[in-house]
Amino acid sequence: MSLLGSIVSKILHPFGGGSADAAPAPSGGTTGTSAPSTPSAPGTTGGEPVDVAAVLTGLAEKNPQKLDWRHSIVDLMKLLGLDSGLASRKQLADELHYTGDKDDSASMNIWLHKQVMQKLAENGGKVPDDLKH
């Protein structure tokens, strides 16, 4: 799974639901209203859109570290238990087709955070307006 796919899955499908990759993995279960969502079917997470802020705030409250997931891609990745090192962030930038200078990590990080929030919204997440710009 791609790094972006991991991020989207951990937030929108925290209990092992669908995949954020291009093709959904077979669920092996019954068909019905609980089918996993795919990027081509935003908002179909089995009901209401997933409240991204609520999920992440809940995770942050349980985390011993003070992580500012609302503003920091590094803290967002740490909160999800993902490697937040520069190499991983450069990999994520590649996946999202970042065209800027990857050695300017501050600019790249800001861009990455915005893109991840946008992708969460595109994949059925309810993202607060202040996190979309």
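**Reading contacts and burial in a predicted chain**

Visitor: Which residues does histidine 113 touch, not counting residues up to four places away in sequence?

Guide: With those sequence neighbours set aside, histidine 113 touches Trp69, Arg70, His71, Ser72, Ile73 and Leu131. Please keep in mind as we go on that this is a predicted model. Histidine 113 itself lies in helix α5, and one of its partners shows how the chain folds back on itself, since histidine 113 and histidine 71 are 42 residues apart in sequence and yet 7.2 Å apart in space, C-alpha to C-alpha.

Visitor: Is histidine 113 buried or exposed?

Guide: The idea is to compare the relative accessible area of a residue with a cut-off, and under 20% counts as buried. Histidine 113 has 5% relative accessibility, and therefore it counts as buried. Its side chain also has a polar partner, because a pair of N or O atoms, one able to donate a hydrogen and the other to accept it, counts as a polar contact within 3.5 Å. Here the backbone oxygen of tryptophan 69 lies 2.7 Å from a polar atom of the side chain of histidine 113.

Visitor: What is asparagine 109 in contact with, leaving aside its neighbours within four places in sequence?

Guide: Asparagine 109, which lies in helix α5 as well, is in contact with Ile73, Val74 and Arg89 once those neighbours are left out. Its relative accessibility is 16%, so asparagine 109 counts as buried.

Visitor: How many helices and strands does the chain have?

Guide: There are 5 helices and 2 strands in the chain, and reading from the N terminus their order is α-β-α-α-α-α-β. For the chain as a whole, buried residues make up 38% of the 133 residues. One can also ask how far along the sequence the contacts reach: among those between residues at least 6 apart in sequence, 49% join residues at least 24 apart.

Visitor: How many residues of α1 are buried?

Guide: Helix α1 is mostly covered, with 9 of its 10 residues buried, and these are Leu3, Leu4, Gly5, Ser6, Ile7, Val8, Ser9, Ile11 and Leu12. To read such a helix, look next at what lies over those residues, and for α1 the cover includes β1, α2, α3, α4, α5 and β2.

Visitor: At what angle do the axes of α1 and α4 cross?

Guide: The axes of α1 (residues 3-12) and α4 (residues 86-95) come within 8 Å of each other and cross at roughly 95 degrees. That makes α1 roughly perpendicular to α4, because angles of 65 to 115 degrees are counted in that way. At the crossing, Leu3, Leu4 and Ile7 of α1 meet Ser88, Gln91, Leu92 and Glu95 of α4, and sorted by class this contact has 4 nonpolar, 2 polar and 1 charged residues.

Visitor: Which residues of α2 are buried?

Guide: In α2, which spans residues 52-62, the buried residues are Val52, Ala53 and Leu56. Seen down the axis of α2, they fall within an arc of 90 degrees, so they line one face of the helix. The face of α2 turned away from that buried side carries the exposed residues Glu61 and Lys62, while the cover over the buried residues includes α1, β1, α3, α5 and β2.

Visitor: Which residue caps the N-terminal end of α2?

Guide: Aspartate 51 does, with a side-chain oxygen that lies 3.2 Å from the backbone nitrogen of alanine 53. A little further on in α2 is alanine 54, which is partly exposed at a relative accessible area of 45%. Alanine 54 and lysine 126 are 72 residues apart in sequence, but their C-alpha atoms are 9.5 Å apart in space.

Visitor: Where is tyrosine 98?

Guide: Tyrosine 98 sits in the loop between α4 and α5, and at 14% relative accessibility it counts as buried. Not counting residues up to four places away in sequence, tyrosine 98 touches Ala93, Ser107, Met108 and Trp111. Histidine 97 is found in that loop between α4 and α5 too, but histidine 97 is exposed, with a relative accessible area of 63%.

Visitor: What is the phi of histidine 97?

Guide: Phi is a backbone angle to look up residue by residue, and histidine 97 has a positive phi of about 60 degrees although it is not a glycine.

Technical notes: Residues numbered from 1 in each chain as written. Predicted model: local features only at pLDDT ≥ 70, side-chain atom pairs only at ≥ 80, totals over all residues. Heavy atoms only, no water. Axes fitted to C-alpha atoms, helices over the stretch in contact; angles between N-to-C directions. Helix = DSSP H or I, 4+ residues; strand = E, 2+ residues; numbered from the N terminus. Parallel < 35°, antiparallel > 145°, perpendicular 65-115°, else oblique. Contact = heavy atoms within 4.5 Å. Nonpolar A, V, L, I, M, F, W, Y, C, P; charged D, E, K, R; others polar. Buried < 20%, exposed > 50% of the residue type's maximum accessible area, 1.4 Å probe, protein only. Arc of directions from axis to C-beta.
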